[in-house]
Amino acid sequence: MQILLNNQATELPVHATVAQALAQLQPQPPFAVAVNTEFVPKALYESRVLQANDKVEVISPVTGG
């Protein structure tokens, strides 16, 4: 199935989880994850199943001002 991972089309297996999407991206902590603009707590990364065309955003904080 295809999802958008940080606005990039990404192919994942059917019933893939947020954790599997993160494995593709390999972000450096700290970061937050949203699926279709809904925050996903870290405790749910392994169990939150993605659907085709979901939009997954991985956001890192930026310091400075």
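Let's start with strand E1. Its side chains alternate: Ile3 and Leu5 point to one face and are buried, while Gln2 and Leu4 point to the other face and are not buried. Keep in mind that this is a predicted model.

Stay on E1 and look at its partners. E1 pairs with strand E2, residues 8–11, in the antiparallel sense, over four bridges. Take two of the residue pairs. Gln2 has Glu11 in E2 as its bridge partner. Leu5 has Gln8 in E2 as its bridge partner. The two strands make a hairpin, with two residues between them. In that turn sits Asn6, with a positive phi of about 50°. Hold on to that sign of phi. We'll meet it again.

E1 has another partner, E5. Here the pairing is in the parallel sense, over two bridges. Leu5 turns up again, standing opposite Val56 in E5. So how does Leu4, in strand E1, count in terms of exposure? Leu4 counts as partly exposed, because its relative accessibility is 34%, and the partly exposed class runs from 20% to 50%. Leaving aside neighbours within four places in sequence, Leu4 is in contact with Ala9, Asp54, Lys55 and Val56. Now a link over a long stretch of chain. Leu4 and Glu57 are 53 residues apart along the chain, yet their C-alpha atoms are separated by 8.2 Å.

Next, the inside. How many residues does the largest nonpolar core have? It has 16. Those with the most contacts inside it are Ile3, Val18, Val33, Tyr45, Leu50 and Val56. Which elements give two or more residues to this core? They are E1, helix H1 (18–25), strand E3 (32–35) and E5. H1 supplies the largest share, four residues. We have already met Ile3, on the buried face of E1, and Val56, the residue opposite Leu5.

Leu50 deserves a moment of its own. Set aside the residues within four places in sequence. Leu50 is then in contact with Met1, Ile3, Leu12, His15, Ala16, Thr17, Val18, Ala21, Val35 and Val56. Among them are Ile3, Val18 and Val56, which are also on the list of residues with the most contacts inside the core.

Now to Asp54. Where is it found? Asp54 is in the loop between strand E4 (38–40) and strand E5 (55–59). Asp54 is buried, and yet it has no salt bridge. The nearest side chain of opposite charge is Arg48, at 4.2 Å. Why does that pair not count? The cut-off for a salt bridge is 4 Å, so Arg48 at 4.2 Å falls outside it. What does the side chain of Asp54 have beside it, then? One of its polar atoms lies 2.8 Å from the backbone nitrogen of Gln51. Beyond residues up to four places away in sequence, Asp54 touches Ile3, Leu4, Val35, Asn36 and Arg48. Ile3 and Leu4 bring us back to E1.

Asn36 takes us to another loop. Asn36 lies between E3 and E4. Its phi is near 55°, a positive value in a residue other than glycine. Thr37 is in the loop between E3 and E4 too. Thr37 has a positive phi of about 70°, and it is not a glycine either. Why point these out? Because most residues other than glycine have a negative phi. Are the two buried or exposed? Asn36 is partly exposed, with a relative accessible area of 37%. Thr37 is exposed, at 80%.

Another backbone feature. A cis peptide bond joins Pro29 and Pro30, with omega of about 0°. Most peptide bonds are trans. Pro30 lies in the loop between H1 and E3.

Last stop, Phe39, in strand E4. Buried or exposed? Phe39 counts as exposed, because its relative accessibility is 55% and the exposed class begins over 50%. What does Phe39 touch? Not counting residues up to four places away in sequence, it touches Ala32, Val33 and Ala34. Val33 was on the core list a moment ago. Phe39 and Glu57 are 18 residues apart along the chain, and their C-alpha atoms are separated by 9.3 Å.

To recap. E1 pairs with E2 in the antiparallel sense and with E5 in the parallel sense. The largest nonpolar core takes its largest share from H1. And Asp54 is buried without a salt bridge. Thanks, everyone.

Key:
Residues numbered from 1 in each chain as written. Heavy atoms only, no water. Buried < 20%, exposed > 50% of the residue type's maximum accessible area, 1.4 Å probe, protein only. Lys, Arg positive; Asp, Glu negative; His and termini not counted. Polar contact = N/O pair within 3.5 Å; in protein donor to acceptor, adjacent residues only side chain to side chain. Contact = heavy atoms within 4.5 Å. Core = buried A, V, L, I, M, F, W, Y, C linked by side-chain atoms within 4.5 Å. Pairing = 2+ DSSP bridges.
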